[in-house]
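Hi everyone, thanks for making time for this one. I'd like to walk you through a structure today, moving from single residues to helix packing.

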Amino acid sequence: MATFDKKIKRIGVYTSGGDAPGMNAAIRAVVRVGIAQQLEVYGIHSGYVGMIDNVIAPLQLRDMANVIQRGGTVLKTGRSADFQRPEGRAKAAANLKAHNIDALVCIGGDGSFRGAHALWEEHQIPIVGVPGTIDNDIFGSDKTIGFDTAVNTALEAIDRIRDTAASHDRLFIVEVMGRNSGFIASHVGLAGGAEEIFTPDGTATVEKAIDHIKEGIARGKTSSILITAEGQKPGRAYDLADSIRKKSGMEAKVSILGHQQRGGSPTAADRILASRMGAAAVDSLLKGQCDIMIGTEGERLVTVPLDIVTKTEKKSQMDLISLANLLAT
């Protein structure tokens, strides 16, 4: 954890990377807690893109009316290739200093935190991160903002698909988001009663899935659902379906849930988590703490240095996949 002595009077808040349900609740908490602590709060639009393009404006209490229930982010978000270069970060820092912004709250994921850490190291701008990503792949926090909503959105879709699978005696492969993270897949697979769960770091194979399906058929099962994380690009489910057909002759229907998992009104759990984290971020800055992320250990909020967050991989919960396989027998 880094510290700084400067008394802060004005802070900036921005969202970066992929949007996640609950980001607006976090923004709202930063703005309202900041103003309650006699701070001026500025919103930086479109993440690092707006920081470089100088799209920075003050936020008032009334700007946060009726946003807690909205998905997405009212500050917009984006990814900036320019910010990855030192000259881009220097321009962003100059814009922040021109607005007399003393410190920042960054709401985003791993890539966003790398940028935040660089701003502190290169330009000594105090910054605190709040983990907002549906993938739940940020080291140092048990849960990230948006994860609970994404899981429940995917689960609702899978419950509906299971109705059709049971009605037609079919095998379905449902693809959820997550890229290199298996957290959505493992949680949805367990909660949805999946027969097999494919994750980037898991041990599931097509052969194992075929064996499980055949064992189920022998016991009288007439339908099955497999869950897969998308991997590097959407469409992995089609590759699995093709492989299963070639190796077993079984036909599988494919459903790719896609970006609907990112949208929609956040669950109560995500609104509460985001509100707590946003408030804690402001409190940390007021205490002179920076270059950290607000994370969770169980129900407790913790602080983790951004340097550790961005250099350490969060492991998937393989015990959930093992349990899901056991319960699906």
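**A short tour of the model**

Let's start with Val74, which counts as partly exposed, at 24% relative accessibility. Keep in mind as we go that this is a predicted model. Val74 sits in the loop between β4 and α3. Setting aside neighbours within four places in sequence, the residues in contact with Val74 are Asn24, Ile27, His45 and Val67. For a sense of scale, take Val74 and Glu195: they are 121 residues apart along the chain, and their C-alpha atoms are separated by 39 Å.

Now to the aromatic rings. How many aromatic pairs does a search of the whole structure find? There are two. One of interest is formed by Tyr48 and Phe83, and this pair is stacked, with 3.9 Å centre to centre and 20° between the planes. For the stacked label, the angle has to be under 30 degrees, so the 20° of Tyr48 and Phe83 qualifies. The pair links distant parts of the chain: Tyr48 belongs to helix α2, residues 47–53, while Phe83 is in the loop between β4 (56–59) and α3 (86–98), 35 residues apart. Buried or exposed, what are Tyr48 and Phe83? Both are buried. Tyr14 comes in here too, since ring pairs link Tyr14, Tyr48 and Phe83 into a cluster.

Next, two residues for those of you who like backbone torsions. Asn100 is not a glycine, and yet it has a positive phi of about 60°. You will find Asn100 in the loop between α3 and β5, where β5 is 103–108. Asn100 is exposed, because its relative accessible area is 51% and the cut-off for exposed is over 50%.

The other one is Asn136, again a residue other than glycine with a positive phi, near 60°. This residue is in the loop between β6 and α5. Is Asn136 buried or exposed? With a relative accessible area of 1%, Asn136 is buried.

That brings us to a contact partner of Asn136. Thr144 is in the loop between β6 (127–131) and α5 (147–168). Thr144 counts as buried, at 1% relative accessibility. Leaving out neighbours within four places in sequence, Thr144 is in contact with Asn136, and also with Pro131, Thr133, Ile138, Asp270 and Leu273.

Two of those partners, Asp270 and Leu273, have numbers that fall in helix α9, residues 268–286, so let's look at that helix.

On to helix packing. Helix α1, residues 23–36, and helix α9 have axes that come within 7 Å and cross at roughly 40°. How are α1 and α9 oriented, then? They are oblique to each other, and their crossing is right-handed. On the α1 side, the contact uses Ala25, Ala26, Ala29, Val30, Val33 and Gly34. These meet Arg271, Ala274, Ser275, Gly278, Ala279, Val282 and Asp283 in α9. By character, the residues of this contact divide into eight nonpolar, three polar and two charged.

The other helix pair to show you is α7 with α8. Helix α7, residues 206–218, packs with α8 at an angle of about 65°, and their axes are 10 Å apart. α7 and α8 are therefore roughly perpendicular to each other. As α7 passes α8, the crossing is right-handed. Val206, Glu207 and Ile210 of α7 make this contact with Leu240, Ser243, Ile244, Lys247 and Ser248 of α8. The residues here divide into four nonpolar, two polar and two charged.

Let me pick Leu240 out of that contact to finish. Leu240 lies in helix α8, residues 236–248. Leu240 is buried, with a relative accessible area of 8%. Not counting residues up to four places away in sequence, what does Leu240 touch? The answer is Ile173, Phe198, Val206 and Thr228, and Val206 you have just met as part of α7 in the helix contact. One last distance for you: Leu240 and Gly12 are 228 residues apart in sequence and 45 Å apart in space, C-alpha to C-alpha.

That's my tour. Thanks for listening, and I'm happy to go back to any of these places.

How values were computed:
Residues are numbered from 1 along each chain as its sequence is written. This is a predicted model: local features need pLDDT of at least 70, side-chain atom pairs count only at pLDDT 80 or more; totals for chains, interfaces and linings use all residues. Side-chain values use heavy atoms; hydrogens and water are left out. Axes are lines fitted to C-alpha atoms, for helices over the stretch in contact, and angles run from 0 to 180 degrees between N-to-C directions. Helices (H or I, at least four residues) and strands (E, at least two) are DSSP runs, numbered from the N terminus. Angles under 35 degrees count as roughly parallel, over 145 as roughly antiparallel, 65 to 115 as roughly perpendicular and the rest as oblique. A crossing is left-handed if the near helix is turned anticlockwise from the far one by less than a right angle, and right-handed if clockwise. Contact means heavy atoms within 4.5 Å. Ala, Val, Leu, Ile, Met, Phe, Trp, Tyr, Cys and Pro count as nonpolar, Asp, Glu, Lys and Arg as charged, and the others, Gly among them, as polar. Rings of Phe, Tyr and Trp (its six-membered ring) pair if their centres lie within 6.5 Å; planes under 30 degrees apart count as stacked, over 60 as edge-to-face and the rest as tilted. Buried means under 20% relative accessible area, exposed over 50%, partly exposed in between (1.4 Å probe, protein chains only).
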